[in-house]
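Hi,

Here is the structure I promised to pass on. Have a look at it first, and then read my notes below.

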Amino acid sequence: MDEIKDAKDLKVVHTPGVKLDAMGLACGSPAYTDDVEIPNMLYAKMLWSPHAYAKIKSIDTTEAWKVPGVKAILTHKDLPRVPHTTAGQGYPEPSPYDTYTLDDTVRYVGDRVAAVAAETLEAAKEAVSKIKVEYEVLKPVFGIYEAMEEGAPQVHMEKDSKNIPDAKHNIAAKFDFEIAPKKWFEEADYTFDESWTIPYLQHCALEPHTTICYFDNNGRLVIRTSTQVPFHVRRIVAQALQIPVKNIRVIKPRIGGGFGSKQEILEDIVAALALKTNRPVRLEYTRKEVFISSRTRHPSICRVRCGVKKDGTITDLELGIYLNTGAYGSHALTVMMCAGSHVIPMYHVKNNIKFIGRSVYTNLPVAGAYRGYGATQSFFAMECMMDMMAEKIGMDPVEFRKMNYIRLGEGSPVFKAMGEGREGVEQFITSTGLMEGIEKGIKEFKWYEKARKYKNQKGNIRRGIGMACMMQGSGIPEVDMASCTIKMNEDGSFNMLAGCADLGTGADTVLAQIAAEVLGVKHTDIVVLSADTDVTPFDVGAYASSTTFISGNAAKKTAEKVRDMILEVGAKILDEKVENLYLEDRKVVSKSGASCTLSEVANTSLYYYDQHQIIASASHYAQTSPPPFQANFAEVEVDMATGKVTLLDYVSCIDCGTAVNTQLAQGQNDGACMNGISHTLCEGLEFSANGTPLNASFRRYKIMSMNDTAPVRTFFIPTWEPNGPFGAKSVSEIGINGPLPAISNAIYNAVGVRMNVAPFTPDKVYAALKEKAKAE
């Protein structure tokens, strides 16, 4: 059968196929972690640290044990001391092994101190309140640069942690890279040195972190949990509690959002309580606990030094990223690396390139994976710098980007130098629609009309426009791997077993569409079961924009194996040569016009000739990570009397190759852009002088809804990625990276102040306007 190489020839892929779980979820059918009733359930609560940094001198649980219904109380004395990482990454994890299920030192307000399991939630809460802890309070450190200073408080002084490159200076991860064939800036007509800052940001998934642990009839531990990485949960819980992997089963039900926050292994304490009591145990974080004690985006300072010639040539680029990883180094190295590897290759640099990366421990909440994963921080800086350079040389910012972006067939030394935990892979751009995306955006946004209209404004209300371009990745090359199994049923339907984790994104639907395209059926003829470590084959999980590209390729390979088996049986039924047959409309069809149904094929294979189950498995790992590209355009209105910024229009033109499910892909990009807009205009965790979070609730931590701002207008730029399943690349993350720089550039265009510190709240914008007025 000829390989499809153009989206116009697709029948199931590249359509808005109905989401397989949509009706059940819309009708409220039990689907999520907590939607089960298990007899004899115990309820868990945690005692969290009130101090940013302290040693636990003693814990008295006497009064807590007196609370009726208490069945277990765990402290650091009751568990094995096993250093591990909570980052849900492939083995060997590149993050430091600096975490313990329970420790005798607490390193931020909200760190674990003790755990209780009781017959009721009320009893668990009461018992937690009665635990008496004596602390030796230590001096904390909160700032990124402060933490690296000589003599600063050392966050990790323990001797048994592993893979911390410089604990004395609180450096959890570091990487430097430089190509400098010439003297720095010797050819530059203009040089720049600026920094941009992002605060702590919360994922704000609708469903809080929830885990239920129980035992099957063979005494094996079953972990039912809201996770993006079920296989990593199994491995790391086994490691932390020193039990065999074979004794653990992890089940991921439906998930109410993840965005990276659930790429974290927090299930170990629930498993420990279940093992202690030999009873089912449930732990659900409150919203406040999610804000403080789950994970956040890495706060960052991104410094960019660069040089440009008057003709628009970028001569030199140094990007330094300094991340606050918080109390533990979860994802400390890999977020830092992505801050460079996804950003620096975006534009041609004639001479010198340098990257400086540091992830730094502080006594603040733990940062982890978050949609955008480092690229968000660095593209904020890089795309604002692109505008600054363009202005300095008198070039239109759109034309400046079009002149310098990476082209089809080109590579970058950064790809090979900067991997995620290991050396990278040499890569070349095999598909790009960025130029078309820029042109589409200019047209839909009416860029030049608005530029002329807003050129000479007066009065307090000013409007401005800004744009930003970016790239991301599609999985981690030579690291990520996924597997899939498909078997055929008597009625010509199929069961798919996939290890990938659908986070509500529609991954199950997308994989079904890919397989259905190969098998000549509707995607609703594929029954998908995903993310059960006992039943489904291995998959690294849902992160790094890998599901469509990595898991999708595994599904396609598997379906092709099944297709070939079907055609062999069909050839016997029709007495035809296999090469004359193809699959279409749930039939095996011959070029001669003869056909037989897939049901005939299935029943023949199961009950008649050469009886066998039509079933196949396949795995896929990639040697490349083809980037999606995006051009973003923002229009804002700024009230100079108050500093309030209102977003009037936002256009996002994205090249994700073939959008497997056009409706789901649009939802992904719209949501990512809205997420980024909210970051830009209002989000950020605030802390007291002693490190206590002050706005850990939706009452005080503002997130924007679609009603709060102008609608995002997404446009897909069709390209065909030869390494992707039916031309597909990733779509889910890149959109979050655009709003910060695009809106920052638009504010500058409107009122002449550059906003380098997010979020751009009215007080910050107003203060910047006052400073500008003073300078004038």
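**What I found**

Let me start with a charged pair: arginine 295 forms a salt bridge with glutamate 264, and their closest N and O atoms are 3.1 Å apart. Keep in mind, here and below, that this is a predicted model. Arginine 295 sits in the loop between helix H7 (287-293) and strand E13 (300-308), while glutamate 264 is in the loop between strand E11 (248-251) and helix H6 (268-277), so the bridge ties together parts that are 31 residues apart in sequence. Both arginine 295 and glutamate 264 are buried. Elsewhere, Lys19, Asp21, Arg254, Asp502 and Asp508 are joined into one network by salt bridges that share partners.

The whole structure has 52 salt bridges. Two others are worth a look:

- Arginine 282 and aspartate 34 meet through their side chains, at 2.8 Å from N to O. Arginine 282 belongs to strand E12 (residues 281-284) and aspartate 34 to the loop between helix H1 (22-26) and strand E1 (42-48), so this pair ties together parts that are 248 residues apart in sequence. With a relative accessibility of 13%, arginine 282 falls under the 20% limit and therefore counts as buried. Aspartate 34, at 31%, is partly exposed.
- Lysine 182 and glutamate 187 also form a salt bridge between their side chains, at 2.5 Å from N to O. Lysine 182 is partly exposed, with a relative accessible area of 34%.

Now for the inside. The largest nonpolar core has 129 residues, and Val304, Met389, Ile677, Ile743, Ile747 and Phe760 are the ones that touch the most other members. Helix H9 (residues 375-393) gives this core its largest share, 12 residues. Another core, of 48 residues, lies apart from it and includes Cys484, Ala512, Val521 and Cys596.

What does isoleucine 677 touch, once its neighbours within four places in sequence are left aside? The contacts of isoleucine 677 are Leu647, Tyr650, Met704, Thr709, Val712, Pro739 and Ile743.

Back to H9 for a moment. This helix is mostly covered, with 17 of its 19 residues buried. Does its length come out as it should, and what would we expect? At 1.5 Å a residue, the 19 residues of H9 should span 27 Å, and the end C-alpha atoms are 26 Å apart, which agrees. Just after H9 comes glycine 394, which takes a positive phi of about 75°.

On the other side of that helix, in the loop between strand E15 (352-361) and H9, you will find alanine 369. Alanine 369 has a relative accessibility of 2%, so it counts as buried. Not counting residues up to four places away in sequence, alanine 369 touches His203, Phe259, Gly260, Ser261, Gln263 and His331. Its C-alpha atom is 8.3 Å from that of lysine 262, although the two residues are 107 apart along the chain.

Last, the surface. Tyr607, Tyr608 and Tyr609 make up a nonpolar patch there, with about 430 Å² of accessible area together. Tyrosine 607 lies in helix H16 (residues 598-607). Is tyrosine 607 buried or partly exposed? Its relative accessible area is 48%, so tyrosine 607 is partly exposed.

Cheers

Terms used. Residues numbered from 1 in each chain as written. Predicted model: local features only at pLDDT ≥ 70, side-chain atom pairs only at ≥ 80, totals over all residues. Heavy atoms only, no water. Core = buried A, V, L, I, M, F, W, Y, C linked by side-chain atoms within 4.5 Å. Buried < 20%, exposed > 50% of the residue type's maximum accessible area, 1.4 Å probe, protein only. Helix = DSSP H or I, 4+ residues; strand = E, 2+ residues; numbered from the N terminus. Contact = heavy atoms within 4.5 Å. Patch = residues over 30% accessible without salt bridge, like charges linked within 9 Å, V, L, I, M, F, W, Y side chains within 5 Å. Areas by Shrake-Rupley, 256 points an atom, 1.4 Å probe, with all protein chains shown as cover. Salt bridge = Lys/Arg side-chain N within 4 Å of Asp/Glu carboxyl O. Expected span 1.5 Å × (residues − 1).
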